[in-house]
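Colleague: I have some labels to query. Take them one at a time, and set each value against its cut-off.

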Amino acid sequence: MENNFKMVAKTLFGFEELLANELTKLGALQVKIGVRNVSFVGDKGFMYKCNLGLRTAIKILKPIKTFRVRSEQDIYDNIYKMPWEDYLKPTGTLAVDATVNSTVFTHSLYIAQKTKDAIVDKFRKDTGVRPSVDLKFPDLKINIHIDREQCTVSLDTSGDSLHKRGYKTATNIAPINEVLAAGLIMLSGWDGQTDFMDPMCGSGTILAEAAMIACNIPPNLMRKEFAFERWEDWDVELFEKIEESLLNKTRDFHHKIIGFDKSPSAVAKANENVKNAHLDEFITIKHEDFFKTQKGGDEKLHMLFNPPYGERLNIEMEEFYKHIGDTLKQNYPGTDAWLITSNLEALKYVGLRPSRKIKLFNAKLESRLVKYVMYEGSKKAKKQGL
């Protein structure tokens, strides 16, 4: 059996437990929850599987060295000593990104530059040739993380953030991140056993992620490339075997996924993205104003949406959120309705008491994911003046 090694999956604030559960189900060993990350152990095939199959991971890092640093020279010397020839050809390309949490080191770009200098100098001294920097498509992407006096050097196995699934070519004014969308659906507890609706679907991200969750389709099948495909030990046969094993676990879906948007251009974009993702057989998108719609049939409905925040879209906030509450109350009995907003003030105008509130971040905006339960019969009771 191939040697196991430690990896770190990065995620968004509030998704750590979801990611840990995903990793455990995939078969990870020694799963340990951190802040915005989960560490675990697996082999090379499992590294491929994580990049293909995890819905709430942003990146999978492979730590290769940890050391103490007290000065810039410490960083340079320790990086210089590492056997970079094991990971990169002298004529190859590299990119370095750094994150720092330290009183001594305050500029992450400077740390990245220092790391690059050490690697390039080492190759130049040993071979007379030096790798060059390629920020877009490097052969090796290196991650430096400094936490006080501890420096961890990792290889970035993913490359571009894993939220870039590859199906989204058309976006609207305020698109939701794919990892955030998947995590919201998972936090809401939807498992594909009821109809699902996003009544303000924008470019269709929540709908696409819901369909992949319902059918257990790996989220990153459409990606053009992962960073590990440029590594010296890239094993295409193993990768294809892992891909096939994940595809064999897809399942049937017997309910509806419905999207509304009142903007014709958003509906067109959403349809394009859903088609790109090969999910159009599961998803129906209609040009509708949610406030003029009502629930069809008596079946239980699971609703999840990302209404405008007023950050980038100009809306009359108080009236808009009151409208959301009224529409849910009057037209959507038998519905579990979840919405995420960073406008915490606006939630007061919904006029409904949330049964759950979960703190999250949408990009850098502190947000709340809230749940409103619309019971069957609430419409009838309203008519009778109860």
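**Labels and their cut-offs**

Colleague: Why are helix 2 and helix 7 called oblique to each other?

Modeller: Their axes cross at roughly 50°. Angles under 35 degrees count as roughly parallel, over 145 as roughly antiparallel, 65 to 115 as roughly perpendicular, and the rest as oblique. Therefore helix 2 and helix 7 are oblique. Keep in mind that this is a predicted model, where local features need pLDDT of at least 70, side-chain atom pairs count only at pLDDT 80 or more, and totals for chains, interfaces and linings use all residues. Residues are numbered from 1 along each chain as its sequence is written, and side-chain values use heavy atoms, with hydrogens and water left out.

Colleague: Where do helix 2 and helix 7 lie in the chain, and within what distance do their axes come?

Modeller: Helix 2 covers residues 44-53 and helix 7 residues 236-247. The axes come within 9 Å. Axes are lines fitted to C-alpha atoms, for helices over the stretch in contact, and angles run from 0 to 180 degrees between N-to-C directions. Helices (H or I, at least four residues) and strands (E, at least two) are DSSP runs, numbered from the N terminus.

Colleague: Is the crossing of helix 2 and helix 7 left-handed or right-handed?

Modeller: Right-handed. A crossing has that label if the near helix is turned clockwise from the far one by less than a right angle, and is left-handed if anticlockwise.

Colleague: Which residues make the contact?

Modeller: Helix 2 brings Lys-44, Gly-45, Tyr-48, Lys-49, Leu-52 and Gly-53. Helix 7 brings Leu-238, Phe-239, Ile-242, Glu-243 and Leu-246. Contact means heavy atoms within 4.5 Å. By class there are six nonpolar, two polar and three charged residues. Here Ala, Val, Leu, Ile, Met, Phe, Trp, Tyr, Cys and Pro count as nonpolar, Asp, Glu, Lys and Arg as charged, and the others, Gly among them, as polar.

Colleague: What makes helix 6 largely enclosed by the rest of the structure?

Modeller: Eleven of the eleven residues of helix 6 (residues 205-215) are buried, so the label follows. Buried means under 20% relative accessible area, exposed over 50%, partly exposed in between (1.4 Å probe, protein chains only). The buried set includes Thr-205, Glu-209 and Cys-215. Around these residues pack helix 5 (178-187), strand 9 (195-198), strand 10 (257-261), strand 11 (283-287) and strand 12 (301-305). Just after helix 6, Asn-216 takes a positive phi of about 55°.

Colleague: What makes helix 5 oblique to helix 6?

Modeller: The axes cross at roughly 55° and come within 9 Å. That angle makes helix 5 oblique to helix 6. The crossing is right-handed. From helix 5, Glu-178, Ala-181, Ala-182, Ile-185 and Met-186 meet Thr-205, Ile-206, Glu-209, Ala-210 and Ile-213 in helix 6. The contact has seven nonpolar, one polar and two charged residues.

Colleague: How do you know that strand 9 and strand 12 pair?

Modeller: Two strands pair if DSSP finds at least two bridges between them. Strand 9 and strand 12 have three, and run parallel. Met-197 has Met-303 in strand 12 as its bridge partner.

Colleague: What is the strand order of the open sheet of seven strands?

Modeller: The order is 11-10-9-12-13-15-14, with mixed pairing. Strand 11 and strand 14 (356-362) are called edge strands, as each pairs on one side only. Neighbouring strands are turned by 20° against each other on average, direction ignored.

Colleague: What makes strand 15 largely enclosed?

Modeller: Seven of its ten residues are buried, so strand 15 earns the label. Strand 15 pairs with strand 13 in the antiparallel sense over seven bridges. Strand 14 also pairs with strand 15 in the antiparallel sense, over seven bridges. Arg-356 has Lys-371 in strand 15 as bridge partner. In the hairpin of strand 14 and strand 15, two residues lie between the strands, and Ala-363 takes a positive phi near 55°.

Colleague: Why is Ser-265 called partly exposed?

Modeller: Its relative accessible area is 42%, so Ser-265 is partly exposed. Ser-265 lies in helix 8 (residues 264-276).
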